[in-house]
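Subject: Structure for your review

Dear colleague,

Please find below the structure that I am handing over to you. My notes on what was found in it follow directly after.

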Amino acid sequence: MEGLSDQALIQVAHYFSALAEPTRLRILNCLRNKEYNVGDLAEQCACSQANVSRHLSTLAKQGMVIREGRGISVYYRIADPAIYALCDLVCGNVARQLESQVAHLNGINGIKLVTPTQIPTSNGM
């Protein structure tokens with residue numbers, strides 16, 4: 001960030017702000033491997049279509065997703081897959097922090113806690 005103007009820093013803040021909402025992160029995660037229309041994304045994210053549309057608008061405004069009309073449907077896909085490198089970096093950091101906190105609490109309480117990465121899931125995530 002060194003050498004960025006105040007205006008550029010404001011743009012960076014807006015970009016990160018778009019990522020600071022769990023539903024938007026779910027949408028980005030859904031779009032990781034394929035494109036979806038609003039209805040499919042709403043179903044995948046367990047949200048209303050109106051809510052998903054609002055979040056997609058924010059993500060598109062920041063250049064994270066691309067909108068493509070096909071007939072009467074509109075499909076969304078990731079504009080730049082590099083977004084996942086950023087998300088993976090942050091998620092890895094958060095996972096390490098949680099593991100450290102759990103290890104600390106296990107040492108204090110003598111109770112065996114597990115981290116989210118240690119809990120088996122049915123979808124493999």
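**Cysteines and disulfides**

The count of disulfides in this model comes to zero. C47 takes part in none, and the cysteine sulfur nearest to its own, that of C45, is 5.6 Å away. A disulfide is a covalent bond between the sulfur atoms of two cysteines. For C91, the closest cysteine sulfur is that of C87, at 6.2 Å, which is too far for a bond. As to accessibility, C47 counts as buried, at 18% relative accessibility, whereas C91 is exposed, with a relative accessible area of 52%. Please bear in mind throughout that the model is predicted.

**Overall architecture**

The protein contains five helices and three strands. Along the sequence, these elements follow the pattern α-α-β-α-α-β-β-α. Of the 125 residues in the protein, 24% are buried. The accessible surface comes to about 8500 Å², and carbon and sulfur atoms account for 55% of that surface. If one takes the contacts between residues at least 6 apart in sequence, 45% of them join residues at least 24 apart.

**The sheet**

The three strands form an open sheet, with antiparallel pairing, in the order β1-β3-β2. The edges are occupied by β1 (36-37) and β2 (65-70); each has a single partner strand, so one side of each is left without a neighbour in the sheet. In general, the strands of a sheet pair through backbone hydrogen bonds, either parallel or antiparallel. Here β2 is joined to β3 (residues 73-78) in the antiparallel sense by six bridges. Among the bridge partners, I66 is matched with R77 in β3, and R67 with Y76 in β3. The hairpin of β2 and β3 has two residues between the strands, and G71 in this hairpin takes a positive phi near 65°.

**A positive phi outside glycine**

Most residues other than glycine have a negative phi, and most peptide bonds are trans. A46, a residue other than glycine, has a positive phi, near 55°. A46 lies in the loop between α3 (38-45) and α4 (49-61). Is A46 buried or exposed? With a relative accessible area of 72%, A46 is exposed, the cut-off for that class being over 50%.

**A buried threonine in α2**

T23 belongs to helix α2, which spans residues 22-30. The relative accessible area of T23 is 9%, and T23 therefore counts as buried, a class that requires a value under 20%. Which residues does T23 contact, leaving aside its neighbours within four places in sequence? They are C47 and H55. The first of these, C47, is the buried cysteine described above, with 18% relative accessibility.

**A nonpolar surface patch**

M1, L4 and L9 together make a nonpolar surface patch of about 310 Å². Within this group, L4 is placed in the segment before α1 (6-18). L4 is partly exposed, with a relative accessible area of 37%. That value admits L4 to the patch, because patch residues need over 30% relative accessible area.

With kind regards

Technical notes. Residues are numbered from 1 along each chain as its sequence is written. This is a predicted model: local features need pLDDT of at least 70, side-chain atom pairs count only at pLDDT 80 or more; totals for chains, interfaces and linings use all residues. Side-chain values use heavy atoms; hydrogens and water are left out. Patches are made of residues with over 30% relative accessible area and no salt bridge: like charges are joined within 9 Å, nonpolar side chains (Val, Leu, Ile, Met, Phe, Trp, Tyr) within 5 Å. Accessible areas come from the Shrake-Rupley method with a 1.4 Å probe; for residues, only the protein chains shown count as cover. A salt bridge is a side-chain nitrogen of Lys or Arg within 4 Å of a carboxyl oxygen of Asp or Glu. Helices (H or I, at least four residues) and strands (E, at least two) are DSSP runs, numbered from the N terminus. Buried means under 20% relative accessible area, exposed over 50%, partly exposed in between (1.4 Å probe, protein chains only). Contact means heavy atoms within 4.5 Å. Two strands pair if DSSP finds at least two bridges between them. A disulfide is a pair of cysteine sulfur atoms within 2.5 Å.
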